[in-house]
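Trainee: I have a structure open and would like to learn how to read it. Could we go through it together, one step at a time?

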Amino acid sequence: MRIRPLVSVALVAVVAVLAVACKKPMKAGDACKKEWATDCTDKTHALVCVSGKLEAVGCRDNVGCMDVGDGDDNCSNNNQNVGEPCKAEGNFSCSVDSKAMLKCDSKHWTKVDDCKGQHGCVSNAQGATCDQGTESLGASCTPQNEGNGSCTPDGKSLLVCHSGKMVVGATCKGMNGCRQAGTKLDCNQTLADLGDPCGDYEGKYACAPDKKTRLVCKGGKMVKDKVCKSCSVMIQDVQCQ
């Protein structure tokens, strides 16, 4: 009589172990119920419940994926891959290779800008910044990059992101033209034509092509300042004699 309860308990334990052992591991595409529930699959990967289906996501920062409970695991990321799920709708981030700016749109990361410049895409607490390097006139740019600059491929103009398009902020006809100088863009405007845009270079002088006229940046354009016997440039210094 004393053996039966022990046998029953043992059988229950065996059945429980078998049930756990036979439970199929979840995979991307499986149905799920709790939106944004996250389960670690290993130290650097997790499954996230998005719109009723599990999606795979990488956990790439130093913490990786932290197992804190069923559906409540923490998957930490500094940068993202296009197509991975995201919860912060409308926020910006950088791609894993730091060559593109991404935006969280319809619960997934999508590319909005290529960041071809020296500094690429950099994520920070405020979102992300994108160094576009050389860019073409009329190329699209995001509101996040409003006011940011870029050199044209030929180095003759400095472009600025304005209302979703790259427009000419200034011409750069002097020595070395438009180029990256550390974390800034350098535009040599010591040579210019009358009427050239000059952006934020208010008060700066330039020699006209005829070398007999000195121009000055006024109201965003190069205007005539004075007639010279000889207009010359010494490094960045414009001299009118």
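Mentor: Happily! Let us begin with a term: a salt bridge is a side-chain nitrogen of Lys or Arg within 4 Å of a carboxyl oxygen of Asp or Glu. Keep in mind that this is a predicted model.

Trainee: How many salt bridges does the count come to by this rule?

Mentor: Side chains of opposite charge can pair when their charged atoms come close. One of the salt bridges joins Lys 27 and Asp 30, at 3.2 Å from N to O. By the rule we have just set out, the count comes to eight salt bridges.

Trainee: Which residue forms a salt bridge with Asp 114?

Mentor: Look for a partner whose side-chain nitrogen is within 4 Å of a carboxyl oxygen. For Asp 114 the closest N and O atoms are 3.0 Å apart, and the partner is Lys 111.

Trainee: Now the strands. Which residue stands opposite Thr 38 in E2?

Mentor: Strand E1 covers residues 38-42 and strand E2 covers residues 45-50; they pair in the antiparallel sense over four bridges. With two residues between them, E1 and E2 form a hairpin. Opposite Thr 38, in E2, stands Val 48.

Trainee: Further along there is an open sheet with the order E6-E7-E8. Which strands stand at its edges?

Mentor: The sheet has three strands, and its pairing is antiparallel. An edge strand has a single partner strand, so one side of it is left without a neighbour in the sheet. The strands in that position are E6 (92-94) and E8 (108-114).

Trainee: What does the twist average from one strand to the next there?

Mentor: Follow the order E6-E7-E8 across the sheet. From one strand to the next, the twist averages 40°.

Trainee: In E8, which residue is the bridge partner of Asp 105?

Mentor: Strand E7 spans residues 100-105, and its antiparallel pairing with E8 runs over six bridges. Asp 105 has its bridge partner in E8, and that residue is His 108.

Trainee: There is also an open sheet with the order E11-E12-E13. Over how many bridges do E11 and E12 pair?

Mentor: The pairing in this sheet of three strands is antiparallel, and the edge strands are E11 (149-151) and E13 (165-171). Between E11 and E12, Ser 150 stands opposite Leu 159. E11 and E12, the latter made of residues 157-162, pair over three bridges.

Trainee: Which residue in the turn between E12 and E13 has a positive phi?

Mentor: E12 and E13 pair in the antiparallel sense over six bridges, and Ser 157 has Thr 171 in E13 as its bridge partner. The two strands form a hairpin with two residues between them. The residue in the turn with a positive phi, about 55°, is Ser 163.

Trainee: Over which ring does the charged end of Arg 214 sit?

Mentor: Here we look for a charge within 6 Å of a ring centre. The charged end of Arg 214 is 4.0 Å from the centre, and the ring is that of Tyr 205.

Trainee: One last stop: which residues make the nonpolar surface patch of about 230 Å²?

Mentor: One member, Val 68, lies in the loop between strand E4 (65-66) and strand E5 (74-75). The patch is made by Val 63, Met 66 and Val 68.

Technical notes. Residues numbered from 1 in each chain as written. Predicted model: local features only at pLDDT ≥ 70, side-chain atom pairs only at ≥ 80, totals over all residues. Heavy atoms only, no water. Pairing = 2+ DSSP bridges. Lys NZ or Arg CZ within 6 Å of the ring centre and 35° of its normal. Patch = residues over 30% accessible without salt bridge, like charges linked within 9 Å, V, L, I, M, F, W, Y side chains within 5 Å. Areas by Shrake-Rupley, 256 points an atom, 1.4 Å probe, with all protein chains shown as cover. Axes fitted to C-alpha atoms, helices over the stretch in contact; angles between N-to-C directions.
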